[in-house]
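Student: Please give me a close look at one part of this model, the contact between its chains. I should like the packing of the helices there described in full, with the criteria behind each term.

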Protein chains: 2
Amino acid sequence: MARNKYPEETVNLILDTAQRLFIEKGYEHTTVQDIIDNLGGLTKGAIYHHFKSKEDILNAVIERLFRENTLSAKWNKIAKDENMNGAEKLKALLYEAIVDEQEQTFRSMGIHFQNMPQMLSDLVLRSVNDIAPQAIKPVLEQGIQDGSIKVPFAKELSEVISLLANVWFNPLVFPMTDDDLNKKCQLILGMMSMLGVDVTDIYPAVYNMNRQINERESRK
Amino acid sequence: MARNKYPEETVNLILDTAQRLFIEKGYEHTTVQDIIDNLGGLTKGAIYHHFKSKEDILNAVIERLFRENTLSAKWNKIAKDENMNGAEKLKALLYEAIVDEQEQTFRSMGIHFQNMPQMLSDLVLRSVNDIAPQAIKPVLEQGIQDGSIKVPFAKELSEVISLLANVWFNPLVFPMTDDDLNKKCQLILGMMSMLGVDVTDIYPAVYNMNRQINERESRK
């Protein structure tokens, strides 16, 4: 295929191809050469005209993937729902984060945060400084007010929940066997029941998520 | 001063000077030029002969600082102490990490982990993959066995404690006012009492640590 005259189309073609390969082969096992080979005639120069590195392509893939931010839309809907108390909303937020399609696509790209300091550092800071106050804290505040959440520190609690859910409980940061996951879930269950929140019915989705990631990894 | 004939002495002079300036001015406010200006005649070339960058100097300062690892020696002593149960040992570990002199020197260098992705990422991974299994898990296992710790998941619990203590509760990662700290402490108190561990008597040391860091920051 000849080089596309329209840069935006070229960029989209590169991102489509990269995303497909990241999902098929895993991010770490995909080289820039693999991407070029699958672009049907686009040269190395053309790709480097738009992107500095493979990591740069990944960042663009992620940015495009989350541009619509379906999870955020669902979370807003949950936050405004008048038929749920705070504890139910907290559980719904966690559940949606696991089953959200964009999040699943992202997880399927086989990114290993352990080898990507900038991404891991961003994740840690974003979990505590953005996700906690914007998405989790308001729901905890409601729960404390309506009595469904038993621990009266909405800000601090939202930070701990966000950090544990996004980092410690994240198989892309700390890979887990089913047995590891099982024990982590039991500990989380105890901690959440201290809050007054029973999360057992989101566990099937959690196990499913972890199994998908492990199966993908073992296929590579 | 003429360039030292002995490279090791030159390196030590650079590290002594850098460490002193990091403590006085803070790491972020110290430039390589500041270090050169305080070396009495050593040239930029001489410094770059030994170190690639300011971050490289910092890493060498830290490595030298922790070469003896006084905290690790104290932790080993606690782990072997036959007069403490597991819960008492856990509390002693946390206390020593706060008052240890090397840790205090490290904290006094005004490092802002938020701006240092590699260091933050290392801290997160080290907390869960090294500190938790090596230092905290054995003490929790003893506590579970002797009945002083009430939650039977030593591995997972050690990871959560290490991650929260080293990252979430770390004023170099998430700066805190006294009021923030107060609420974090109350939440931790609740979580620790779920384990059967009362940590109230290490709080004065915690407040003292945070106050020192904030005073230093406000002086800059």
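The answer below begins with the chain itself and then turns to the contact.

Tutor: This is a predicted model, in which local features need pLDDT of at least 70 and side-chain atom pairs count only at pLDDT 80 or more, while totals for chains, interfaces and linings use all residues. Residues are numbered from 1 along each chain as its sequence is written, and chains are lettered from A and ligands numbered from 1 in the order in which they are written.

Chain A contains 11 helices and 0 strands (DSSP runs numbered from the N terminus, helices being H or I of at least four residues and strands E of at least two). Its order along the sequence is accordingly α-α-α-α-α-α-α-α-α-α-α, and the C-alpha trace of chain A spans about 65 × 35 × 25 Å along its principal axes. The domain assignment, which is automatic or taken from a database, divides chain A into domain 1 (7-65) and domain 2 (70-219). The C-alpha centres of these domains of chain A lie 30 Å apart.

Chain A and chain B each contribute 26 residues to the contact between them, where two residues count as in contact if their C-beta atoms, placed from the backbone, lie within 7 Å. On the side of chain A that touches chain B, the elements giving two or more residues are helix H8 (117-146), H9 and helix H10 (178-195) of chain A. H9(A) provides the largest share of that side, 9 residues. By class, the side of chain A that touches chain B comprises 16 nonpolar, 5 polar and 5 charged residues (Ala, Val, Leu, Ile, Met, Phe, Trp, Tyr, Cys and Pro are nonpolar, Asp, Glu, Lys and Arg charged, and the others, Gly among them, polar).

How are the copies related? A turn of 180 degrees and a shift of 0.0 Å along the axis lay chain A on chain B with an RMSD of 0.0 Å, the superposition being by least squares on C-alpha atoms of residues with pLDDT of at least 70 in both copies. This is the relation of a two-fold axis. The same surface serves both copies, since 100% of the contact residues of chain A recur in chain B.

Consider now H9 against its own copy. Helix H9 (residues 154-168) of chain A packs on helix H9 (residues 154-168) of chain B at about 115 degrees, with the axes 11 Å apart (axes are lines fitted to C-alpha atoms over the stretch in contact, and angles run from 0 to 180 degrees between N-to-C directions). H9(A) is therefore roughly perpendicular to H9(B); angles under 35 degrees count as roughly parallel, over 145 as roughly antiparallel, 65 to 115 as roughly perpendicular and the rest as oblique. The crossing of H9(A) and H9(B) is right-handed, the near helix being turned clockwise from the far one by less than a right angle, whereas anticlockwise would be left-handed. Glu159(A), Val160(A), Leu163(A), Leu164(A) and Trp168(A) meet Glu159(B), Val160(B), Leu163(B), Leu164(B) and Trp168(B). This H9(A)–H9(B) contact holds 8 nonpolar, no polar and 2 charged residues.

H9(A) also meets helix H10 (residues 178-195) of chain B, their axes coming within 9 Å and crossing at roughly 65 degrees. This crossing of H9(A) and H10(B) is right-handed. Lys155(A), Glu156(A), Leu157(A) and Val160(A) of H9(A) face Lys183(B), Lys184(B) and Leu187(B) of H10(B), giving 3 nonpolar, no polar and 4 charged residues.
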